[in-house]
Amino acid sequence: MSQKEEFHNIDNPDDGLFRELAAGVTTRIFSGEQAMLSVVTLAPHAQGTLHHHPEEQWGVLLDGSAIRVQGDEEIAVKKGDFWRTPGNVPHTMRAGPDGARVLDIFSPPRPEYKKAGSGFGTT
């Protein structure tokens, strides 16, 4: 495989595997052998579904503002904030008035995110 195939652009809307997670919430997924990246775009005030999965997840807010719901806490996040979500902890994100863009990192990769489709895959 050419190493050029291992390079991507976070701002290219055609790069990655597209998945619609919820109304106003989409992602582009990039999967490797041991980790997976997900570039999530939330429309203004859009919210994902509260869900959990066994994989560890890290997230960083790239743009906008949001409320991170994690466990039974709601935490306001701003551009540059990042967080860790241990496996099996219920979580979601609610975008602020200008929407939000988040980079999520999963380890190991989530099997349900290796194919196009819709939804978060687990609850």
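Biologist: Hi! Which side chain of opposite charge is nearest to Asp 104, and how far away is it?
Modeller: Hello! In this predicted model, that neighbour is Arg 68, at 5.2 Å. Asp 104 is buried, yet it has no salt bridge. The cut-off for a salt bridge is 4 Å between a side-chain nitrogen of Lys or Arg and a carboxyl oxygen of Asp or Glu.

Biologist: OK, and what polar contact joins the side chain of Asp 104 to another side chain?
Modeller: There is one with Gln 57, where the two side chains are joined by a polar contact of 3.2 Å.

Biologist: Where along the chain does Asp 104 lie?
Modeller: Asp 104 belongs to strand 7, which covers residues 91-107.

Biologist: Switching to voids, then. How many cavities of 30 Å³ or more turn up in the whole structure?
Modeller: The search finds 1. The largest cavity has a volume of about 180 Å³. Its lining is made of 19 residues, and those closest to the cavity centre are Val 40, His 51, Arg 68, Asp 104 and Phe 120. So we are back with our pair: Asp 104 and Arg 68 are both in that central group.

Biologist: Nice link! Which elements give two or more residues to that lining?
Modeller: Strand 3, strand 4 (56-70) and strand 7 do. Strand 7 provides the largest share, with 6 residues.

Biologist: And how does the lining of the largest cavity split by class?
Modeller: You get 9 nonpolar, 7 polar and 3 charged residues there.

Biologist: Good. What about pockets: what volume does the largest one have?
Modeller: The largest pocket comes out at about 210 Å³.

Biologist: Which residues line the largest pocket?
Modeller: From the earlier part of the chain there are Glu 5, Glu 6 and His 8. The others are Phe 30, Ser 31, Gly 32, Glu 33, Ala 35, Met 36 and Leu 37. Strand 2 (25-31) and strand 3 (36-42) each contribute at least two of the lining residues.

Biologist: How many of those are nonpolar, polar and charged?
Modeller: For the largest pocket, the lining has 4 nonpolar, 3 polar and 3 charged residues.

Biologist: One last thing, about Val 39 in strand 3. Why is it classed as buried or exposed?
Modeller: Val 39 counts as buried because its relative accessible area is 4%, and the cut-off for buried is under 20%.

Biologist: How far apart are Val 39 and Pro 111 in sequence and in space?
Modeller: They are 72 residues apart in sequence, and their C-alpha atoms are 17 Å apart in space.

Technical notes. Residues are numbered from 1 along each chain as its sequence is written. This is a predicted model: local features need pLDDT of at least 70, side-chain atom pairs count only at pLDDT 80 or more; totals for chains, interfaces and linings use all residues. Side-chain values use heavy atoms; hydrogens and water are left out. On a 1 Å grid over the protein atoms alone, a cavity is a set of points where a 1.4 Å probe fits but cannot get out, and a pocket is an open set with protein on both sides within 12 Å along at least five of seven lines; lining residues have an atom within 4 Å of a point. Grid points are joined across faces, edges and corners, and a volume is the space filled by probe spheres set on the points. Helices (H or I, at least four residues) and strands (E, at least two) are DSSP runs, numbered from the N terminus. Ala, Val, Leu, Ile, Met, Phe, Trp, Tyr, Cys and Pro count as nonpolar, Asp, Glu, Lys and Arg as charged, and the others, Gly among them, as polar. Buried means under 20% relative accessible area, exposed over 50%, partly exposed in between (1.4 Å probe, protein chains only). Lys and Arg count as positive and Asp and Glu as negative; His and the chain ends are not counted. A polar contact is a pair of N or O atoms within 3.5 Å; within protein, one must be able to donate a hydrogen and the other to accept it, and residues adjacent in sequence count only if both atoms are side-chain atoms.
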